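Student: I have a two-chain model open on my screen and would love to talk it through with you. Could we go step by step?

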Amino acid sequence: MTDQPNNWQRRTFMRQSFLTIPAISAVASVPLSAWAQDDTPPLSEYYPRFFEPQEWAFILAATDRLIPADDNGPGAIAAHVPVFIDQELAGDYGNASDWYMDGPFLSDLPAEFGYQLPHTPAAVYRLGIKATHVYCQRQYGTSFAALDKAQQITVLEALEAGEIDFNALGVADLPSQSFFAFLLQNTKEGFFADPIYGGNRHMAGWKLLGFPGARANFLEWVDQYDRPYPLGPVSLKGLQNR
Amino acid sequence: MTTTKPGVDAVIIGLGWTGSIMGMELTDAGLDVLALERGEDRTKEDFLYPKPADELKYGVRLSMMQRPRQATVTIRRNQNEMAAPQRHWTTFHPGNGVGGAGAHWTGVLYRATPTELSMKRFADETFEPGFLPDNMNIQDYGVTYEELEPHYDFFEKVAGLSGQAGNVQGALIEGGNPFEGPRQNPFPLPPLPRTLTDTLFTDATRKLGWHPYPYPSANVSEAWTNPYGMQLGPCNFCGYCSNYGCLNYSKASPQTCVLDALKRRDNFSYRTQCEVTRIVKSDDGQTVKGVLYTDGDGNEIFQPARLVILAAFPINSVRLLLLSEVGKPYDPVSNTGVVGRNFTYQLTGSVDMYFKRHRFNPFINAGGSGQVIDDFSPDTFDTARHGFIGGAYIYTTQGPSGAIGGVKVPPGSPSWGSEWKANAKAHYGHHMMLGSTGSNMAYRDVYLDLDPTYRDPNGDPLLRMTYDWKENDLKMTQFMGDRMRDIVGELKPDYHTESIKRVGDHFDPSHYQSTHLTGGAIMGTDPNTSVVNRYLQHWDAHNLFVLGASAFPQNMQHNPTGTVAALTYWSAKHIRERYLENPGPLMSAQG
């Protein structure tokens, strides 16, 4: 499932479907609260299925900058967005299982032609993190995760603007803005997708918006104009966050 | 090695709306019918709450769609470009599996107007010679509104159509669409309840002197039992509609409206994971003798059949005809041949408005809920004065319904970080959209053929789409943009943003436009310019019928499903009443 073997692969029990996580966490000491019966383990106890340690450190730091915790509530870390990205990349999405991935790859086409890179999403991350790491080493003499927040933001802005030449850093066929686009899109997915996929812990993303999740039954509210919907979200597994 | 199965009376390729309907009709006629579906089986149990309420799986990863790895299309804008494949779907969402696109559609169920079925005649009567560009290939369907009306009427009962009729037997009815063709009956069910966006749109368009009416919805407003005995329940505005299966038995689909009735019949059977790779021609040169398919275990099977019904998604039907070498492929240089000719799509535009003072609760949404005006249809105003043929309806619908796709922040503001997060929170639920859904004329250099480079896992060439927007249609879209700005002027949002194409723009397949892909195997009365005759019977093989929107000579502003279904019943009527008794061409060429 990963592109290269890594030292976590022996933890085969973690490689099962995310549905196994609650069983594992039965031994974890997560207090159950009245408002969210969520028993997923804390991030510090999570063993990535896809990312290697240095990659994981990048993902933790980068997603924290993209959706920070602040006055408006929890951010990507509290919402376990890194867990979501790790599980997506270890599965069908990461492997582009449904995508058409036969060549030739016409990587120099205008953006209107959509995604034309020869990489799976998993490979985009592996290569993109590697190139960003080399960049940070050359520019700052240390890793992305070890930079201060302002420096991390500067690097992310440079990635987003396509200002970092990955080719010169030893990674071909991957514009830095393409890597950033995956990172940002998947970070937002992890913040707003159902918690069954590992992120949006305690439905933090839905709480931010006032989105009711899987309630999916609003007939009596159709004509209640300009009134905020009063109920908090529920998830596919029936968790609630009032 | 190819295994040959026992023959059947009729084999249906694809089990979506048209395959299901034709299955009912042909089993009614006593035929042994077998449907072959490329994708997986899907039953109503797959749509039970809360399974569809999963935006990542269905709305983002698009798991109800055809898998591009199995077969995608390549796209280029003109003959000088090299076409590149859609590696994952962006610009349209072709369905897959039992139910097809009918399982994940939005549920907007329209009829064509009389004019839309006879655009060539309308153009000849309306425009000065030389007004239309030389390379425009518009044609009539060869079937009239009056002929299709009973079939629209029946399908609307099958689907439990909810809304307000505007013209019943010639009498105009306040609150309905005064520009629609006359109906023999009112809608089966009343309109869905009105959202805040509906109310704002209605007030604004009335002030402008236009004629708003409720979207004709196949998300039903009340409990309904259809002519097949299938039952639908009132839509609860769950917010998981387009791209999703319905969790509430409310959205008309093959599953909710047809298939359980069909599966009870002893003379019907279906096989899933069976991909038809060729329609096999007979030696007589006038018929086909069955289909070749690959089953889920990779076995190649020949299925003999007296009647072959091609009921796939339009682009897949065209590709199968090309791969099977049934009918002459279209050649844009000589403007001869027919298969792939008159491929058309949909011209869309949209406006997004932000209202600090309004709270829309956008997750409260039904796909078929909304309000519409048809005041700017091809035959309702003087389009010649504005330099084009065609038209669009302008509408609103509440949404967007998801969270991943529902975040909107002010233009020019950051797309991440604390400022983005603050904006996402403050702006969520304060947006209202306007959209235009417009016609697309057919052009000589817009067509489908087989790609010379890219292949599917069987080694067969992918379908290649050569498509660009043309000046006529872009002028139409710009005009609709001006009309949407009129509505913006009435509603006075705090700000608005626009996505409206302009003359000079080129097709951008990196963004979603519409799944209304039409044409490529069009119907008509002349075998030199159509693949099938006015009964959807193939000109070159009288026991092959090609159903679906691939038959549309050009695309109309109104959503295709109603016309696709009505044409299927129309074709079935002539198969049952005439063809079965006396197999052969149902009409002679009227060149």
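Student: Leaving aside its neighbours within four places in sequence, which residues is B:Val308 in contact with?
Tutor: Happy to help! First, a word on what we have: this is a predicted model, in which local features need pLDDT of at least 70 and side-chain atom pairs count only at pLDDT 80 or more, while totals for chains, interfaces and linings use all residues. Residues are numbered from 1 along each chain as its sequence is written, and chains are lettered from A and ligands numbered from 1 in the order in which they are written. Two residues are in contact if their C-beta atoms, placed from the backbone, lie within 7 Å. By that test, the partners of B:Val308 beyond four places in sequence are B:Val11, B:Ile279, B:Val288, B:Gly290, B:Val291, B:Asn543 and B:Leu544.

Student: Which helix of chain B gives the most to the largest nonpolar core?
Tutor: A nonpolar core is a set of buried Ala, Val, Leu, Ile, Met, Phe, Trp, Tyr and Cys residues joined through C-beta atoms within 7 Å. Buried means 20 or more other C-beta atoms within 10 Å of a residue's own, exposed means 12 or fewer, and partly exposed is in between. The largest core has 233 residues, and those touching the most other members include B:Val308 and B:Ile309. With 9 residues, the helix that gives the most to this core is helix 12 (residues 561-579) of chain B.

Student: What radius of gyration does chain B have?
Tutor: The radius is taken over C-alpha atoms, and the globule rule is 2.2 Å times the number of residues to the power 0.38. Along its principal axes, the C-alpha trace of chain B spans about 70 × 55 × 50 Å. For 591 residues, a compact globule would come out near 25 Å, which agrees with the value for chain B, 23 Å.

Student: Why is strand 20 of chain B largely enclosed by the rest of the structure?
Tutor: Strands (E, at least two residues) and helices (H or I, at least four) are DSSP runs, numbered from the N terminus. Two strands pair if DSSP finds at least two bridges between them. Strand 20 of chain B pairs in the parallel sense with strand 4 (residues 73-76) of chain B over 4 bridges, and antiparallel with strand 19 (residues 447-455) of chain B over 5 bridges. Strand 20 (residues 461-466) is largely enclosed because its buried residues number 5 of the 6.

Student: Which residue in the turn between strand 19 and strand 20 of chain B has a positive phi?
Tutor: These two strands of chain B form a hairpin with 5 residues between them. Within the hairpin, B:Leu448 has B:Met465 of strand 20 as its bridge partner. In the turn, the residue with a positive phi of about 90° is B:Gly459.

Student: Which are the edge strands of the open sheet with the order 8-16-17-18-15-21 in chain B?
Tutor: This sheet has 6 strands with antiparallel pairing. An edge strand here pairs on one side only. The edges are strand 8 (213-214) and strand 21 (495-499) of chain B.

Student: Is A:Leu60 buried, partly exposed or exposed?
Tutor: A:Leu60 is found in helix 2 of chain A. Beyond four places in sequence, A:Leu60 is in contact with A:Ile77, A:Pro82 and A:Ala145. Because 16 other C-beta atoms lie within 10 Å, A:Leu60 is partly exposed.
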